[in-house]
Amino acid sequence: MTEVSAVPLANENHRHEEFNQMDGDYSRDSANFESSMEINESSNVIKEEPNNGSFEENMKNGTGNGHGPEKEQLKSPKKEDGYESDDDIPWAQRLAKAKQNGSGSEKKAKDKDREKEKNGKLKKKKKEDSDEDEEYKPEPKKKEKRKHKEESENDYSEDDYKPAKKKQKKDKEKTKKTEVKKEKKTSSGGSQSQSQSQTQSPKKKKKQEDEEDVWEWWKEEKKPAGVKWNTLVHRGPLFAPLYEPLPSGIRMKYDGKSVDLSPATEEVATFYARMLDHEYTSKDIFNKNFFADWRKVMTSKEREMIADLKKCNFEKMAVYFKEQGEKRKEMTKEEKAKIKEQKDEEQKIYGMAIIDGHRQKIANFRIEPPGLFRGRGGHPKMGKLKKRIQPEDVIINCSKGGDVPQPPPGHKWKEVRHDNSVTWLCSWTESVLGSHKYIMLNPSSKIKGEKDYEKYETARRLKKRIGKIREAYQEDWKSKEMRVRQRSVALYFIDKLALRAGNEKDTDEAADTVGCCSLRVEHIKLHDEHDGKEYVVEFDFLGKDSIRYHNFVHVEKRVYKNLKIFMENKNGSDDLFDRLDTAMLNEHLRQLMDGLTAKVFRTYNASITLQEQLAKLTNPDENVHHKMLSYNRANRRVAELCNHQRAVPKTFEKTMENLQNKARHRELLDSKTIDNFQYKEKKKEVKEAKREKKDAKSGTAAHEKAKKKYQRLKEQLEKIETQMKDKDENKQIALGTSKLNYLDPRISIAWCKKFNVPVEKVFNRTQRDKFRWAIDMIMNDEDGDSYEF
DNA sequence: AAATCGACTTGTGCGAAAGTCC
DNA sequence: GGACTTTCGCACAAGTCGATTT
């Protein structure tokens, strides 16, 4: 199951065609070009929001933010759609550059830029670079000059989204807005959100739509770059419940004897006890890390006594927790309802923030409880103690004024700040890796939604330029400069295989995983010929979350030869791209297109693949059920491309086993079980055939026969395999991640619209909340019909 | 100019809730 | 109505990428 077959995207030409064909879909209207120098300069000036009534009520004390009602935005020349030539560096960006260079004219700035580019190239030009088979000495360390200074502003100049088309419908839409509720409201009577005319499945309980207000931010003007909010009010984090010491009968044993531990020591012991039947506790690093950290919280007496983890017996604790778990399950309805009510209450109080006058859900308002760090893969820090977070560790970020959240009694915050250039509400430093953790808003919020929208807009812009970009990097395969060649080959992988960028990482701090730029020689194998294709690169490495990426990919001859060169005179543990890192790559990409980075390719290729596959697989005459099958298959192609396959879930295997046993006993075979039997049977046959083939003397007729049989059976097996795969398509591969993070929701929704599939079939409640902007844009806009499927 | 930091997105796994089956 | 499955949401780890520090 680990092997990823080469995805259909390998066919470059085909893809090119598709892109052009579908220009109308993944395209945009001419930019609504709002940026101006003034605004860029004063990006942190706080601007008063156009207020809606409830705002004041929510913000009882006003917000002494010192914001003035200034709202002048300089009109700048509208940029035409296009983006074709080299001259299309966004206007505002050029200005910024010009300023940096101390030159007033954008023209000059550009020239200077070109000069720099040239200089950089000349400087690098060495004798080593002759031609394709040049000899090149790998650098022991990658050290490349960064030639250009970064842009100082994130300007949104060129391709800001347009506020959705101003249609007359808008007024009607307005009525959909649910009331913004006051914080105080306790009357949670459910019957007031009748105005919701949304496509709601009738059987779904009216899930009290009272929480979040519908903020149609995509119809509003955008804030100047860098300003994330004008007012932000929230209640701070909800801390983990305090530790409750175990009942006196429940004790750990050391060396066979029950021991009383101090509360702190006991607490940490319970973390371990809870994980006893997890694989983690069998790992040396885990135990070593745990024990070291545990000892740190022990009293000196305890430390003296407890010297060996192996002599610790947590069994009694573990059993106790299991019992508690059982008890929880067996609680009465009333008890359960009570707990739920409590949770809802917490959600109401802590789970909401008011941002620019709108109530928005918070994603993770509960502070992570203490526990043992569960790193993935071979993480060097696994088992370390994740300490309890106290108010004194927490930084609060919110509006100035009286609505600053109060710390729990007897405590104070680490800091309260009012930084509207960031989106987080609270932050703290986590104790294992020392990295930052944040409380942020839910994906349905404006702040997240807008960012998501921008992401897909960038991907759309890439669509228009991808042809040229591909031409350019293919040209670079022949470059005299090794650094350029490496860059172009890496980019090719990122584009073709949707690899991640691959930042360097510290192996003392994290598991040894790689992405494109950090690939090492040992991660690829070159096959002059494989499976009937020539120039095949075999990738085999651990990527994010230590998920294996294993793929055989046919590549162009030039790429193949380049790889050979890159690998010359290197050890397996040497970097494949020794003259490249993500910073350089992204800097190059930024020069090709505003906002372009490595990850945009993943978004773009995922989205275009979905659209392409939907076009190919959808049959308008089929029923909704079949159409959904097609949709899921298209989605699955994307998941394959992104390598979002999860190991066959344990539950799935178990299910199969159970089914089989049942079936045997009751002779009641359902189709799933039959498939599974067939499959296993066939597999056995194949194995046998293989052995027969092996046993038969080569050259003899028997051998030939066995070989044929083997081939035939193998094919049959493959057929069954794919059939099963189809049936269980949604279980073998995790579609969720690509659906949530890579697929432009507008494609899915436009597809629904065109083929009369209810959106609810494709997106569940949460997803619809997250993608409300897209649903609105497509469903209420004739643009929605311009997608070609 | 590299190393580190900070903020944010992407990813998996797990537990609870919801659904299904007998 | 209880046992088992499947789905969903959340927790939180692990990436990306630009900014800041050294």
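How far apart do the end C-alpha atoms of residues 322-349 lie, and how much of the span is helix and how much strand? The ends are 31 Å apart, and the span is 89% helix and 0% strand. UniProt, in an unreviewed entry, places the feature "coiled-coil region" at these residues, 322-349. UniProt positions follow the numbering used here, with feature names shortened, and the annotations may be inferred rather than shown by experiment.

A few ground rules help before going further. This is a predicted model, in which local features need pLDDT of at least 70 and side-chain atom pairs count only at pLDDT 80 or more, while totals for chains, interfaces and linings use all residues. Residues are numbered from 1 along each chain as its sequence is written, chains are lettered from A and ligands numbered from 1 in the order in which they are written, and side-chain values use heavy atoms, with hydrogens and water left out.

On to DNA strand B. It is surrounded by 24 residues, and the closest are His436, Lys448, Lys544, Arg602 and Tyr742. Here a residue is near a molecule or strand if one of its heavy atoms lies within 4 Å of it. Looking at the DNA side, 83% of the strand B atoms within 4 Å of the protein belong to sugar or phosphate, and the rest to bases. On the protein side, the surface near DNA strand B has 13 charged, 6 polar and 5 nonpolar residues. In this count, Asp, Glu, Lys and Arg are charged; Ala, Val, Leu, Ile, Met, Phe, Trp, Tyr, Cys and Pro are nonpolar; and the others, Gly among them, are polar.

Several side chains reach phosphate oxygens of DNA strand B through polar contacts (a pair of N or O atoms within 3.5 Å; within protein, one must be able to donate a hydrogen and the other to accept it, and residues adjacent in sequence count only if both atoms are side-chain atoms). For His436, a polar side-chain atom is 2.5 Å from such an oxygen. For Tyr742, the distance from a side-chain N or O atom is 2.8 Å, and for Trp424 it is 3.5 Å. Strand E12 (436-439) and helices H12 (446-476), H16 (598-617) and H22 (736-741) are the elements that give two or more residues to this surface. The largest share, 3 residues, comes from H12. Helices (H or I, at least four residues) and strands (E, at least two) are DSSP runs, numbered from the N terminus.

Tyr742 turns up again in the UniProt record, where an unreviewed entry places the feature "active site" at this residue. Tyr742 sits in the loop between H22 and helix H23 (745-755). Is Tyr742 buried or exposed? With a relative accessible area of 16%, Tyr742 is buried; the cut-offs are under 20% for buried, over 50% for exposed and in between for partly exposed (1.4 Å probe, protein chains only).

DNA strand C has 31 residues around it, of which Glu368, Arg376, Lys437, Lys505 and Thr766 come nearest. Sugar and phosphate make up 87% of the strand C atoms that come within 4 Å of the protein. The surface near DNA strand C has 15 charged, 12 polar and 4 nonpolar residues. Thr513 has a side-chain N or O atom 2.8 Å from a phosphate oxygen of this strand, Asn586 has one at 3.1 Å, and Ala501 places a backbone N or O atom 3.2 Å from a phosphate oxygen. Helix H15 (582-592), H16 and helix H18 (650-666) each give two or more residues to the surface near DNA strand C.

Away from the DNA, strand E5 (residues 352-355) is covered on both faces: Met352 and Ile354 are buried on one side, Ala353 and Ile355 on the other. In a regular strand the side chains alternate between the two faces of the sheet. E5 runs antiparallel to strand E1 (residues 232-233), joined by 2 bridges, and antiparallel to strand E6 (residues 358-361), joined by 4 bridges. Strands pair if DSSP finds at least two bridges between them. Ile355 is the bridge partner of Leu232 and also of His358 in E6. E5 and E6 form a hairpin with 2 residues between them, and Asp356 in the turn has a positive phi of about 50 degrees.
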